[in-house]
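Student: Could you take me slowly through a single part of this structure and explain how its pieces are arranged? I would like one connected account that I can follow while looking at the picture.

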Amino acid sequence: MTASPPSAVPKTESPEDILDALLFSVSHDLRSPLLTLSLSAELIRESVDAAGDANGVDQAGNTAVALDALKQGAEDLERMLSALTTVSRARRREQEIRTLPVRVLLGGHVVSSNVEHPEGLTVRVDATPVRELIDRLCGEDPAEIRLGRTDTHVILRIPSRADLPVLDGSPLIALARSLQLWAGTIVEDLASLQLQLARQAVPMELADGAVYVWLPVSAGSSR
Amino acid sequence: MNQGAVPVVIVDDEVDHAIIIRRVLAAIAPYAAVDVMTDPHGVEDRLLQAPFRALLLMDRMLAGRQSIDLIPGLLHARPDLSIALLSAALSDEDRKRALAAGAVAAAEKPGTLDGWRMLLRELLGLHRARSVA
């Protein structure tokens, strides 16, 4: 007997959904055995230390060195997997895009601008990643944010009080090209925020030791 | 004070994790009565037989199934239990879901022994406060 094919056309998963699932499984499933390795190494290390203390000598110098190396390798893997988790979460984080005045978005900071009536500008954006970006770069003290505009965008130049690596362009691409180099650094944080902004069609890039963000001007914003 | 005198059930199909959690618990709460369940099949029924006022340390993924979905039914049948959800990776959304389902806590599994000691002390403290209330 020949089985007849199903009559309904199966639903295809979008590449985005598949990538999300892969990112999640990489960050979750690979961390699980890694935890076993690093915690086991630590348990043995504590036993070796206790034995050394009890006998007054380091009886297992090679074991201790090997375990420390194992732990170091596990920590390095943990750092890179953590960066993948950060990216995975940035892709899934809920957003609340709304229209709001630039002065509200940048409240608490000093805005310098050649634009006429910058206080009348409004943009369409989820404020959370923008605020987090400013906090990450400038700390909690007021920063001087330079503001420009085109017909379609308000451009923010956010200076950095943190040491930015010599890196122009996209922190997300930098992280994607080398987890080894950038995982656990400020580039990972910026990559996560860039991804959240990119999901709102808000471009962001690094240049001249600062971060530039292009916020879409909302309809009806003053010119 | 005998902070460890409490029934604890570790529910984790990652056998190595369950063993490590039990060892850390033995060191920080030597009087805790610890059961371990590493076979996820039929776990819901077996958890209904958990000791009175037990603290369940439950992995989020059991045999590929989200254990968050088990929480409301378990607590409906056994409101005396405290459930803490643990996972190798836990998003904010998952944490909120677990708490909304009735878990007393939801946390990522720490990567260090000191992290485990701190987390388990915190969970035992939470459980004790809840048992007294």
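**The sheet of chain A, and a helix of chain B**

Tutor: Let us start with a single pair of residues: the bridge partner of Val111(A) is Ile145(A), which sits in strand E4(A). This is a predicted model, and everything that follows should be read with that in mind. The strands E2(A) and E4(A), the latter covering residues 144–149, pair in the parallel sense over 4 bridges. They belong to an open sheet of 5 strands in chain A, whose order is E2-E4-E5-E7-E6 and whose pairing is mixed. At the edges are E2(A) (110–113) and E6(A) (204–207), each of which pairs on one side only, and from one strand to the next the twist averages 25 degrees. Helix H5 of chain A, residues 127–138, lies across E5(A) (153–159) and E7(A) (210–216), and runs at about 25 degrees to E5(A).

Turning from the sheet to the other chain, 12 residues of chain B are in contact with 14 residues of chain A. Helix H1(B), residues 15–28, gives the most to the side of chain B that touches chain A, with 4 residues.

Within chain B, H1(B) also packs with H5(B) (residues 113–132), at an angle of about 65 degrees and with the axes 10 Å apart, so H1(B) is roughly perpendicular to H5(B). In this packing Ile21(B), Val24(B), Leu25(B) and Ile28(B) of H1(B) meet residues of H5(B), among them Trp116(B) and Leu120(B). By class, the contact of the two helices has 7 nonpolar, no polar and 2 charged residues.

Conventions: Residues numbered from 1 in each chain as written. Chains lettered and ligands numbered in written order. Predicted model: local features only at pLDDT ≥ 70, side-chain atom pairs only at ≥ 80, totals over all residues. Contact = placed C-beta atoms within 7 Å. Helix = DSSP H or I, 4+ residues; strand = E, 2+ residues; numbered from the N terminus. Axes fitted to C-alpha atoms, helices over the stretch in contact; angles between N-to-C directions. Parallel < 35°, antiparallel > 145°, perpendicular 65-115°, else oblique. Nonpolar A, V, L, I, M, F, W, Y, C, P; charged D, E, K, R; others polar. Pairing = 2+ DSSP bridges.
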